[in-house]
Amino acid sequence: MSYTYQVQTAADYEAAYAHATENPEAFWAEIAATFRWKKPWKTVLNWEFRSPSVRWFDGGTLNMTENALDRHVEAHPDRVALLWEPNDPGEATVSWTYKDLLERVEAYCHVLVARGIQKGDRVCIYMGMIPELAVAVLACARIGAVHSVIFGGFSAESIADRVLDAQASAIITCDGAFRGAKTIPLKSVVDQALSSCPEVHTVVVHQRTREQVDMMEGRDVWYHEALPVDLKPFPAVEMEAEDLLFILYTSGSTGKPKGVVHTCGGYMVWATYTFVNVFQYQPGQIHFCTADIGWITGHSYIVYGPLCAGATTLLFEGIPTYPDCGRFWQITEKHHVDILYTAPTAIRSLMAAGPEFPDAYPMSSLKVLGTVGEPINAEAWHWYDQHVGKGRIPIVDTWWQTETGGIMISNLAGVTEAKPTYATRPLPGIQPLLVDEHGAEIHGNGVSGNLCMRYPWPGMIRTTYGDHDRCRQAYFSTYPGLYFTGDGCIRDEEGLYRITGRVDDVLNVSGHRIGTAEVENAINMHPQVVESAIVGYPHDIKGQGIYAYVILHSPEKEDLRVEILAEVVKHIGAIAKPDKIQFVPGLPKTRSGKIMRRILRKIAEGELQQLGDTTTLLDPAVVQAIISGRASE
Ligand code: WT7
C-alpha cells in the first residue's frame, strides 16, 4: 500500500495545506479514493455550521473493517496487526497477523449476530485492555453496530447513564481487569449498572481474571462458550458514509456527558490521514500508543488509524509504573517499537521516578515520539527528548479533541519544525482562527484568543447522540458560523499555535476531561452538603488538580471528606475524586447568584494578591473567610 497523501518535506506540507484550503473537495476526494469503497460517493462535502449539518462522501458506501483488515490480508496477510503486552511482564505476549485478526473479528461477528445484534444497534463495551477489546470494537464495526466504549474506571452509575442515553441493547465486558498490582471487578459493576437498564438483552463476558462472577440466565453469555467452533467468514455489512460508527461520551461544562458521534467514511479518512502524516508512518512499523481504548486516543491511534494504515499496533494492558517505572521503556525495547505516543501526565510521573529508568534502555528502534491530552510543559518535553528519544528523534505535540476525531494541530515528525510546548501548525484541511470574547477574529501573529475552526474536516463530530441541539449549543452557538473548541490559544510571531488550556468550566486532569458541574452534582448528592464549587489548580503530575469548596449544613459535625470522596466515586468514578476539599461558610457570588469561579481559582492557586474586583459580590466578606480557612487546610 502506498500513501500518496503522505507529505515528505516542509514544502510538501505547504503545498498540501494550500491545496486543502483552496480546493478542499478535490483534496479530500483524492485521499478518500485510496480507500476501499463499496459504492463511490456522489458529493464530497455538504455543510453548514448553523444547525450544524456536515456530510462527507454522501452516497458512498463502505465498511471500515475492509479497510482496516481485508485489504491488508490481501496485501500482506502475515504482517503482525496486533501485539499485546500483558499487565504482568511474565505472562506471554500475543501477536496476531492481519489474517489472524480478521478471523477473530469474523468469529466475533457471528457471536454478536447470533444474539440478535444488528446494524444500527448500540453496543456498550466496558473491558480491560485485552486484545479482545480491539476485536469487539472491530466486530461491531463489521456488522454495522454502533459501539460506545466506556473507560474501565467509570462507576456503575456512569455506565447506566451511557447505556440509557445510547439506548444500548448489549454490553461486552470481562469478569475483571488487571491493572498494576490491582484487580478491577468489571462484571459486577456492569451488573449493578444494569439493574436500571432493562433494555439490555445481552451481556457478553470475557474471561480474564477468573474471579467469581454472577451470570444472569438468558442475558449473560461467556464469550468462550458462545464462540462458534468452525471458522466462518463474515461479509462486512455495507454502511453509508454518514452511518454512525461509534458514540463516545465526553464531559462538557454543563450537564451529563455528551455522546459524541462519529460516522464511518469521514472518520476513517481522517484517522488514517493524520496517523500516516503526523507520525510519518512507514510500512511495517510498530506503533505503541499508551492510551486506553476507552478514550478517543485509543479509538483513533490504537485501533482505527494504525490498522487502516496497515501498521502493527501495540496494546498494553497495564500501567506505566508496574512492576516499576521502566515499564514503557522495557516494552519499547522488547517489541522494537518505532513510534511511541503517550501523555504529558505519564511523562511527568515517570520523570519524577528518575532518569535511570529510561537510561537503562537504548530504545534504538524509536523513530518518533508523540504527546497528547494536555499542554506539555517545557521541562517534561526536554526530559522526553533527552532520556527517551536520546536527543535524536522528533517529538510531535498533537492537539485535538474527542470531537475532532483525530489530530488537528501538530508538527509532522521530522517534516515540519517542532517547538517545545507548541502544537505548531494546523494539518492540511484545518482552518483555525482565534476570536475575542465577542467573536471578532483576531488577525495577525503574536496574539492570543479562543480557538475556533471555520471549515469542516472529515473527522469532525456530526452530532451529540439523541440531542442534536446540544451539539449546536455546545460547539456552534458561542460564535455563530464557527466550531468553538473550548480552548484558549496563542499564535506566536511565526504563526505557530500553542494551546494554553480550557477556557470553559472543564478541567483536564491527567489528560482526562472532567466537567466541574458533574463533580459538583455528585458532591451535592451528599445529604450534608448545601452547595459546592469545583475549580482546577496547577498540579505537578496531573497538570490540573481538582479543588472542591463545599458548604455543609452543620459544619461543626464530623469530617465528611471521606464520605464526599465516596460520593464522587459512586456517581462518576475514581478519576474525578477531588485532590483537595475545603469546607467553607459560603461561596463568592454575584448579585445575580452566579458563582465567581475566577476568585475561587485564584484562591486555589494561592494567588491571593490577584483576586481582582470583588466589589460586585453579594457578600465580599465571604472571600476573606475562604482565604483564612485555606491557610488551615
Ligand atoms: C482537550 C480535549 C485528544 C485526545 C485526548 C484528550 C486538551 C489535548 C493537547 C495538546 C494542549 C491539549 C485540550 C482539548 N489537549 N491535546 N497537545 N496540547 N492541550 O481528548 O478528552 O477530548 O480533551 O484536551 O484542552 O480541548 P479530550
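1. Lys and Arg are counted here as positive and Asp and Glu as negative, with His and the chain ends left out. On that basis the chain carries 54 positive and 74 negative charges, and the mean positions of the two sets lie 2 Å apart.

2. The model is predicted, and what follows should be read as a description of that model. The chain contains 19 helices and 30 strands. Its radius of gyration is 24 Å, close to the 26 Å that the globule rule gives for 633 residues, so the chain is as compact as a globular protein of that length. Along the principal axes, the C-alpha atoms occupy a box of roughly 75 × 60 × 55 Å.

3. On burial and surface: 60% of the 633 residues count as buried, where buried means under 20% relative accessible area. The accessible surface of the chain is about 23300 Å², and carbon and sulfur atoms account for 51% of this area.

4. Taking contacts between residues at least 6 apart in sequence, 71% join residues at least 24 apart.

5. Strand β4 spans residues 80-85, and five of its six residues are buried, so the strand is largely enclosed by the rest of the structure.

6. β4 has pairings with β5 and β17, in opposite senses. With β5 (residues 94-97) the pairing is antiparallel, over four bridges; within it, Leu82 has Trp96 as its bridge partner. With β17 (residues 312-316) the pairing is parallel, again over four bridges, and here Glu85 stands opposite Phe316.

Technical notes
Residues are numbered from 1 along each chain as its sequence is written. This is a predicted model: local features need pLDDT of at least 70, side-chain atom pairs count only at pLDDT 80 or more; totals for chains, interfaces and linings use all residues. Side-chain values use heavy atoms; hydrogens and water are left out. Buried means under 20% relative accessible area, exposed over 50%, partly exposed in between (1.4 Å probe, protein chains only). Helices (H or I, at least four residues) and strands (E, at least two) are DSSP runs, numbered from the N terminus. Two strands pair if DSSP finds at least two bridges between them. The radius of gyration is taken over C-alpha atoms; the globule rule is 2.2 Å times the number of residues to the power 0.38. Contact means heavy atoms within 4.5 Å. Accessible areas come from the Shrake-Rupley method with a 1.4 Å probe; for residues, only the protein chains shown count as cover. The place of a charge is taken as NZ of Lys, CZ of Arg, CG of Asp or CD of Glu.
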